[in-house]
Amino acid sequence: MNLIILGAPGSGKGTQSVKLSKELSFAHISTGDMLREAVKNETDLGKKAREYMQKGQLVPDELVIGLIDQRIKQKDAERGIIFDGFPRNINQAKSLDKILNENNKSVDTVINLETTEDVVIQRLCGRRVCKKCGAIFHIKNMPAKIEGVCDHCQGELYQRADDKEETIKKRLDVYTKENAALMKFYQENKKFISLDANHDADIVYKEILDLVNDYNKNTSRAATSA
Ligand code: ADP
Ligand code: ZN
């Protein structure tokens with residue numbers, strides 16, 4: 001099963017995807033994480049992507065599509081994939097369909113995390129990320145047991161360069177501009193479900209897990225009756 005998690009910056013896409021991918025043993029494919037890794041390692045891609053990311057703009061489509069094309073061929077993607085932060089516009093969505101198709105895969109479900117602007121701004125301003133393992137914390141909502149230290153690997157927590165108020169506003173603008181068309185695309189073509197993601201992460205997680213389990217039950221029933 002391959003699923004896409006859509007949502008604004010701060011909607012919890014990353015937090016939910018990490019948890020879900022562990023539970024289901026699916027590959028977690030986050031273009032944001034892959035790009036940040038490239039920037040950190042100063043690869044050619046990283047050098048090209050850096051400026052866009054700092055400004056809160058989208059990195060050019062061909063760069064992220066190239067990443068996806070390579071990543072979905074890896075072994076851990078066989079069981080299932082959770083796409084987090086990709087696709088972000090119609091061109092990327094169409095390219096994803098094409099790439100998956102070439103690899104005998106498809107998008108099975110799209111889950112949209114709905115949030116209000118005040119909630120996501122509050123989440124992004126307080127977000128802290130582990131330098132070593134990428135785990136996500138929040139100074140108020142999800143504090144680490146020891147301030148500044150990752151609960152899982154003792155790595156150092158830092159604030160993402162684009163989690164500053166100026167850049168957050170820009171990212172939200174970009175999201176608002178692209179997302180309506182993207183949702184329309186998936187509502188017309190795929191199994192599309194919206195969830196209220198203003199709630200605590202645990203509540204949202206349970207709802208996502210229920211959806212995935214329902215989906216699996218239904219598809220295995222369809223397979224037996226066929
Ligand atoms: P958020 O959803 O909180 O903005 P991400 O980690 O998904 O965080 O993305 C961070 C930045 O990386 C984006 O602002 C953008 O510059 C770049 N990026 C990530 N995914 C994509 C994508 N699919 N297409 C273009 N740019 C992307
Ligand atoms: Zn860690």
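How many residues of the lining of the second largest pocket are nonpolar, how many polar and how many charged? The exercises below lead to this question and answer it in the last solution. The model they refer to is predicted.

**Exercise 1. Describe how the chain is divided into domains, and how the domains meet.**

Solution. Begin with the bounds. The domain assignment gives domain 1 as 2-115 + 164-225 and domain 2 as 116-159. Next, consider the distance between them: the C-alpha centres of domain 1 and domain 2 lie 20 Å apart. Finally, turn to the contacts, for which heavy atoms must come within 4.5 Å. On that basis, 15 residues of domain 1 touch 13 residues of domain 2.

**Exercise 2. Determine the strand order of the parallel sheet and identify the helix H7 that packs on it.**

Solution. First, read the order across the sheet. Its 5 strands follow one another as E2-E3-E1-E4-E8, the pairing is parallel, and the sheet is open. The edges are formed by strand E2 (27-30) and strand E8 (191-196), each of which pairs on one side only. From one strand to the next, the twist averages 20°.

Second, examine one pair in detail. Strand E4 (residues 109-114) runs parallel to E8, and 6 bridges join the two. Within this pair, Val-110 has Phe-192 of E8 as its bridge partner.

Third, place the helix. Helix H7 (residues 165-189) packs on the sheet and touches strand E1 (2-7), E4 and E8. The direction of H7 makes about 145° with that of E1.

**Exercise 3. Work out the arrangement of the antiparallel sheet and explain what is particular to its edges.**

Solution. Start again with the order: 3 strands, E6-E5-E7, form an open sheet with antiparallel pairing. Strand E6 (136-138) and strand E7 (157-158) each have a single partner strand, so one side of each has no neighbour in the sheet.

Continue with the pairing of E5 and E6. Strand E5 (residues 127-130) is joined to E6 by 3 bridges in the antiparallel sense. Arg-127 has His-138 of E6 as its bridge partner, and Val-129 is matched with Ile-136. The two strands form a hairpin with 5 residues between them. In the turn, Gly-134 has a positive phi of about 80°.

Proceed to E5 and E7, an antiparallel pair joined by 2 bridges. Here Cys-130 stands opposite Leu-157 of E7.

Lastly, add the helix: H6 lies across E5 and E6, and runs at about 45° to E5.

**Exercise 4. Characterise the second largest pocket by volume, by the origin of its lining and by residue type.**

Solution. Rolling a probe the size of a water molecule over the atoms shows where empty space is left. For the second largest pocket, this space is about 170 Å³.

Next, list the residues around the pocket. The lining has 13 residues, and those nearest the centre are Ala-8, Thr-115, Glu-117, Tyr-175 and Thr-176.

Then trace the lining to its elements. At least two residues come from each of E4, helix H6 (117-125) and H7. H7 provides the largest share, 5 residues. In terms of domains, domain 1 and domain 2 each contribute at least three residues to the lining.

The last step answers the opening question: the lining of the second largest pocket consists of 6 nonpolar, 5 polar and 2 charged residues.

Terms used:
Residues numbered from 1 in each chain as written. Chains lettered and ligands numbered in written order. Predicted model: local features only at pLDDT ≥ 70, side-chain atom pairs only at ≥ 80, totals over all residues. Heavy atoms only, no water. Pairing = 2+ DSSP bridges. Helix = DSSP H or I, 4+ residues; strand = E, 2+ residues; numbered from the N terminus. Axes fitted to C-alpha atoms, helices over the stretch in contact; angles between N-to-C directions. 1 Å grid on protein atoms, 1.4 Å probe; cavity = no way out; pocket = protein on both sides within 12 Å on 5 of 7 lines; lining within 4 Å. Points joined across faces, edges and corners; volume = space filled by probe spheres on them. Nonpolar A, V, L, I, M, F, W, Y, C, P; charged D, E, K, R; others polar. Domains from an automatic or database assignment.
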